[in-house]
Amino acid sequence: MTTGKINVSVENIFPLIKKFLYSDHEIFLRELISNGTDATLKLKHLTSIGEAKVEYGNPIIEVKIDKEGKKLHIIDQGLGMTADEVEKYINQVAFSGAEEFLDKYKDSAKDSGIIGHFGLGFYSAFMVAEKVEIITKSFKDEPAAHWTCDGSPEFTLEPANKTDRGTEIILHIAEDSLEFLEEAKIRELLNRYNKFMPIPIKFGTKTETLPLPEGAAEDSKPETIEVDNIINNPNPAWTKQPAELNEEDYKKFYHELYPMQFEEPLFNIHLNVDYPFNLTGILYFPKLGSDLQIQKDKIQLYQNQVFVTDNVEGIVPEFLTMLKGVIDSPDIPLNVSRSGLQADAAVKKISNYITRKVADKLKALFNENRADFEQKWNDIKIVLEYGMLSEDKFYEKAGAFVLYPTVDDQYFTLDELKEQLKEKQTDKNDKLVILYASNKEAQHSYIEIAKEKGYEVLLLDSPIISHLIQKIEGDNSDLTFVRVDSDHIDNLIKKEDTTISKLSDEEQTSLKTVVETIVPKQNYTVQLEALDSQSAPFIITQPEFMRRMKEMSQTGGGMFGMGNMPEMYNLVVNTNSDLATTILNTEDKTAQESLIKQALDLAKLSQNLLKGEALTAFVKRSFDILK
C-alpha cells in the first residue's frame, strides 16, 4: 500500500482567483487595506507586550495613484516582513498569517482587532493587476525584501533598499481595470469599505487655512498649508462605551453613516456584548409610518471595523431590517470572500440577542417617558407589529410596551385595554369586544355611531393588522376584535335594553321582500334591525371573519386561497327609520325601486364601494331627485 500527500498544483490558481474567488473585483482594495491594518495592529500589540523593541508612533496607511505609470500603491507602517516571512506568508497560498498570529498570542491578542480570516486576501490584487510588487521592511533588524509576480506561478524575491518599517504593495493595473486609477473611483471604494477602519488612511492631501495671529493687520492674508487627507474615522461611535456618548454624539454618527438623510432618528439602541460572542453596534429607529415597502439594506455589517455587506438577512431579525445602523462582530461566519453568510449556531444566538436587546430598550423607553413613546408610536408601529408576527421571543416581551391607540388619540397596552373595556364591551359569551377602525375617514360614520353608544374604538391601520389580530386572539381567548363597520355592533355587544321596532312582524316581512327584489342577492344579505331612529336607514357591514380572511389573503400573498372570493356584505335596514316606513308605504313600484337604490348607493358611498358606472348612475339619479 502506498500513502502520501495530495499536492495542489498552483499552475491555474491565478485565473481562478481572478474570476471566481471574489464576486466583485473592487473588493481587492478592502482586502489589501485590511492586510495593512492587520500588520499595524499586530505591531501595536507586540510593542504593548514588549516583544517589539520599536516605537509604535502614529502609523497610517496611504493609498497613492500613479496614473501615468498605471500603478496603485498601498503603503502601511506596520510590522513588515522579512524575506523568510514573505516566502512563508505570500508564496504559501491560503496560509493565514492573521490566524497564526492569533493562535500564537491567543491570550494577550484577544482584543487587538486583528482582521484576517483567510490567507487569500492578498491575492485579490491579481483580479485587477497584471503584476504585483511587495517592498517590505520588518520591524526586526533584518534586510528589506522585494517580491514580484506577474500572475503566473513564477515570482522573484530579492533584497531591497527600503529603510523605513512597513510594507508597500504596488499594483500594475491591467488594461481591463484602468477605472481603478481614477481618483473618484478609489475615493468611492475607500468611503464604502474603509470609512471606519481602525488605522487612519491617507488619500492625497488637502489645504487648510491657519488662523491669523492676534494683532495681525486687517489686510493680512491667512496662511494655508497642505496636510494629509485622512478619509476615515478610526474611532466610530459603536466602538465606544454607551457611557462615553450623549444624544448629540449618536445623532452626529447617524448623519455620518447617512449623509443624505436629513431627518433625525427617533431613538437608538447601542449593542455591546462580549459573551458568548462579540458584538457591538448601534441601531437607529427612523420615522417609518405604515408603509411595508420601506427600503431595507440600511444596516451595515462590519468585521472589526471592515465593511462587509449591507445585506444582514439572517443576522438581524427580519423585522428589524427596516432599521438603520451598524452591526460589528468578528464572530459572524462568512464565506471565503466575505460576501455571504455561512450557516452557524452563533448566528442564531446573535439574532436572538439583538431581538432581546431591542425589546428591552423599547420597554425602558416606554417606562422612562411614556408620553414621548406615545408620540412616536405611529412612526415605529409597523416594525413592532411585524416583529410580534414574525418573532415569538419579541412577541413575548411586546405586551409591556406595544400600544393600541383609540380614534381619540388615547393609548393603551393590551392589559390596560382589557381593564378599560371589561365592564361595557362584552358579548353574550362575556368575551371582550374590541372595536377598531382601519381608516378613520372612510369609517367615520360607523365610528360616530359606536361613540354615541359609549363604545371605545381603536385605530388600527397597519396593513398587517388582520394577521396580528388573529395571533393576539389566538393567545387571548377572552377577547375578540371586530372592525367597526363589520356585523352591526348592536348585535355584538351585550346590553340590557333593546330597541323595539316600529314595524310589525308582517310589515317587516313585506319590507324585507321588497328590498331583496331590488338589492343584488349575490353581493348582499338583507337584515332588518330595530335601531335607534337617528341611525342611518341603510347600513352596509361585512362579516368580520370573511372580511379579515380576505384582507389576510391579500397581505399574505394569497396564503389563504381567498384572494379572488366575491365581495359579500350585509345590508342592515333600520326598521325604525322614516325611510323604511316610506319605502313600505310607497305604492309606485318605480318610485319604490328608486328609493331603495338611492339608499343602497348612499350606504355604499359611505363605505367607498360606489365606483365606475354605479357612481355615475347615482349622481344622475340624485340630480333627477333634486329636479
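This passage walks through the overall make-up of a predicted model and then through a buried strand, a set of aromatic contacts and a helix near the end of the numbering used here.

In overall terms, the chain holds 18 helices and 21 strands. Its 627 residues include a buried share of 49%. Among the contacts with a separation of 6 or more, 71% are made by residues 24 or more positions apart.

A good place to begin is strand 16, which spans residues 432-437 and is mostly covered, with six of its six residues buried. In a regular strand the side chains alternate between the two faces of the sheet. Strand 16 can be read in that light: Leu432, Ile434 and Tyr436 point one way, while Val433, Leu435 and Ala437 point the other way, and all are buried. On the pairing side, strand 16 joins strand 18 (residues 479-483) in the parallel sense over five bridges, and Leu432 has Leu479 of strand 18 as its bridge partner. Strand 17 (residues 457-459) also runs parallel to strand 16, and three bridges join the two. Here Ala437 stands opposite Leu459 of strand 17. The connection between these two strands is worth following in the model: from strand 16 the chain passes through helix 11 (residues 444-452) to reach strand 17, and this β-α-β crossover is right-handed.

Attention now turns to the aromatic side chains. A pair of aromatic rings is described by the distance of the centres and the angle of the planes. The count comes to 23 aromatic pairs. One of them joins Tyr123 and Phe126, whose ring centres are 6.0 Å apart; their planes meet at 25°, under the 30 degrees that marks stacking, so the pair is stacked. Tyr123 is buried, with a relative accessible area of 3%, and Phe126, at 3% relative accessibility, counts as buried too. Another pair brings together Phe373 and Trp377, with ring centres 6.3 Å apart and planes at 40°, so this pair is tilted. Both residues belong to helix 8 (residues 370-390), where they sit four residues apart, about one turn of the helix. An α-helix has 3.6 residues a turn, so residues three or four places apart point the same way. Phe373 and Trp377 are both buried.

Ring pairs also build a cluster, which links Tyr193, Phe196, Trp238, Phe253, Tyr302 and Phe307. Charged side chains meet aromatic rings as well. Lys324 lies over the face of Tyr258, at 5.2 Å from the ring centre, and Lys471 lies over the face of Tyr395, at 4.8 Å from the ring centre.

The last stop is helix 16 (residues 578-585), in which Ala580, Ile583 and Leu584 are buried. These residues cover an arc of only 100° around the axis, which puts them on the same side of helix 16. Asp578 and Asn585, in contrast, are exposed on the other side of the helix. The cover over the buried residues of helix 16 includes two helices, helix 14 (505-518) and helix 17 (589-606), together with strand 20 (538-541) and strand 21 (569-574).

Key: Residues numbered from 1 in each chain as written. Predicted model: local features only at pLDDT ≥ 70, side-chain atom pairs only at ≥ 80, totals over all residues. Heavy atoms only, no water. Buried < 20%, exposed > 50% of the residue type's maximum accessible area, 1.4 Å probe, protein only. Pairing = 2+ DSSP bridges. Right-handed = clockwise from strand over helix to strand, strands pointing away. Phe/Tyr/Trp six-rings, centres within 6.5 Å; stacked < 30°, edge-to-face > 60°. Lys NZ or Arg CZ within 6 Å of the ring centre and 35° of its normal. Arc of directions from axis to C-beta. Contact = heavy atoms within 4.5 Å.
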